Amino acid sequence: MAQESIVTELESRKLIAQLAGGEELVEHLASGSRTVYCGFDPTAESLHIGNLLPLLALRRFQLAGHRPIALVGGATGLIGDPSFKDTERKLNSVDVIADWVERIKPQLARFLDFDCGANSALLVNNLEWTRDYEMLGFLRDVGKHFSVNNMIQKESVRQRIERDGEGISYTEFSYMILQSFDFSELCKRYDCTIQVGGSDQWGNITGGIDLTRRLHQQQVYGITFPLITKADGSKFGKTEAGTVWLDPAKTSPYAFFQFWLNAADADVYDFLRYFTFLPPAKIEKIEHADAASNARPVAQGVLAREVTGLVHGEQGLAAAERITGALFTGELSGLGEDDLRQLEHDGLPCTEVAPQTPLLDVLVESGLARSRRIARDLVNSGAVSANNAVQSAGDDPLDRNLALHGKYFVIKRGKKNFHLAKLA
RNA sequence: GGAGGGGUUCCCGAGUGGCCAAAGGGAUCAGACUGUAAAUCUGACGCGUAAGCUUCGGUGGUUCAAAUCCACCCCCCUCCA
């Protein structure tokens, strides 16, 4: 089953930040089918692309013949991971977390195969083994194995402890113990011997390794992935609209596609390694070809298609490409009424506006501008066009005579923000 | 419980009675240039067409005038108990 070393595969994709276990871990993975886990805390109603890397990594492990466990943090989500967070977070209610857990489960499930024999994936919730654990027992059985002296040395919480003006509650401080306990519990229940996660999880993972050794006299291992950074230093995973979510209702496949399409040249080849299943050799070929040509690189298009297909399937990808094609080629007049309806259906943001609504209000209602004041600025700077015609009179309503099929306007703000306005 | 420090516009952070819608930086947006890149330059960045209006943890007060002073309350941090 386990043929080519998964470690080699991850290395060739630059996906390994740290190994807890070194050569022994490599050997451990090479010598049999192992069980690997990664946790995902419900911090919102949907996963986002920050979760994509570990999620795809689990799949890489499965493809290499290992058994993945996706853990949803129904328990840890109630506490909040303080790792490298510079402020204490406010707690969400129990009901909200429970709801998020249920929403996230299917998102995790779609990347893994639950029906492929011995290495079928597992989906678990750590609330299962923590909910009814009696407090005194927990403190005696588990807490006794943790040294506070050791815990406060962890880099992941140090800034919280040392930085002036910030602190850490006992609740968040305990997070590491819970996650450590998860690892030991998965080891006991499912013979899980490897935990993977982002490099910010190093402290929590090694905590779990120590605890498992003490509790079950079992050697387990950890692998962390590099923090995804962008060449220009800005934060990965954010756009002007905020977080890029995996839920198509929160980030449309079109917006998702656009996010990847806009990857910087300096980042795109690494992103191909990180976020697609294309062989590294092929990625290198693309990189060389792009470097040799003077035209616009093709890598962004490949990346956008691959990842969108992975996350939103063939249909989502097709929808995203339809919108992109219609909007960025500028050929609006060729669009039939059915095409426009399809674009709306595909997820191009659409607003119905009353006839005679001044353009400024259309901009505000559609969300293209936050206020009329801003809208006016945009119009004055020539940033707004309707059906490819630059608009200069913000107080005038959209002219029905210029509408596509009597009612549609493709409103553009700036170079790449589109909205479909439909006259009522 | 005691002592001290602090809560300013998306973030950081200046501002200690009028010249404050509030310095500076970051983020963001737009224009130019481009490849729906990067870098750079320019402009915008509480709301309002404007006059003007509403903001500086909360409530109340002093004053012609408060982010700035007073009282009480809430929250955060540090040290002591």
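This report describes the fold of chain A, the surface that faces RNA strand B, the enclosed cavities and one buried helix.

The model is predicted, so that local features need pLDDT of at least 70 and side-chain atom pairs count only at pLDDT 80 or more, whereas totals for chains, interfaces and linings use all residues. Residues are numbered from 1 along each chain as its sequence is written, chains are lettered from A and ligands numbered from 1 in the order in which they are written, and side-chain values use heavy atoms, with hydrogens and water left out.

**Overall fold**

Chain A holds 19 helices and 13 strands, where helices (H or I, at least four residues) and strands (E, at least two) are DSSP runs numbered from the N terminus. The C-alpha trace of chain A spans about 80 × 50 × 40 Å along its principal axes. Of its 424 residues, 49% count as buried, a term that means under 20% relative accessible area with a 1.4 Å probe and protein chains only. Among the contacts in chain A (heavy atoms within 4.5 Å) with a separation of 6 or more, 73% join residues 24 or more positions apart.

**Surface near RNA strand B**

A residue is near the strand if one of its heavy atoms lies within 4 Å of it. There are 28 residues around RNA strand B, of which Thr-324, Arg-372, Arg-373, Lys-415 and Lys-416 come nearest. Of the strand atoms that come within 4 Å of the protein, sugar and phosphate account for 70%. By class, this surface divides into 6 nonpolar, 10 polar and 12 charged residues; here Ala, Val, Leu, Ile, Met, Phe, Trp, Tyr, Cys and Pro count as nonpolar, Asp, Glu, Lys and Arg as charged, and the others, Gly among them, as polar.

Three side chains place an N or O atom at the following distances from RNA strand B.

| Residue | Strand atom | Distance |
|---|---|---|
| Asn-262 | sugar or linking oxygen | 2.8 Å |
| Asp-377 | sugar or linking oxygen | 2.9 Å |
| Asn-417 | phosphate oxygen | 3.1 Å |

Helix H13 (253-261), helix H16 (299-328) and helix H19 (372-380) are the elements that give two or more residues to this surface, and H19 provides the largest share, 5 residues.

**Cavities**

A cavity is a set of points, on a 1 Å grid over the protein atoms alone, where a 1.4 Å probe fits but cannot get out, and its lining residues have an atom within 4 Å of a point. The structure holds 3 cavities of 30 Å³ or more, the largest with a volume of about 90 Å³, volume being the space filled by probe spheres set on the points. Residues lining the largest cavity include His-145, Phe-146, Lys-154, Asp-210 and Arg-214. Helix H8 (148-151) and helix H12 (202-216) each give two or more residues to that lining, with the largest share, 4 residues, coming from H12.

The second largest cavity has a volume of about 60 Å³, and its lining has 6 nonpolar, 3 polar and 1 charged residues. Met-151 and Met-176 belong to the lining of the largest cavity and are also among the residues that line the second largest.

**Helix H14**

Helix H14 (residues 265-275) is largely enclosed by the rest of the structure, because 8 of its 11 residues are buried. Among these buried residues are Asp-267, Arg-273 and Phe-275. The elements covering them include helix H1 (6-12), helix H3 (52-63), H13, helix H15 (280-292) and H16.

Note on methods:
A polar contact is a pair of N or O atoms within 3.5 Å; within protein, one must be able to donate a hydrogen and the other to accept it, and residues adjacent in sequence count only if both atoms are side-chain atoms. On a 1 Å grid over the protein atoms alone, a cavity is a set of points where a 1.4 Å probe fits but cannot get out, and a pocket is an open set with protein on both sides within 12 Å along at least five of seven lines; lining residues have an atom within 4 Å of a point. Buried means under 20% relative accessible area, exposed over 50%, partly exposed in between (1.4 Å probe, protein chains only).
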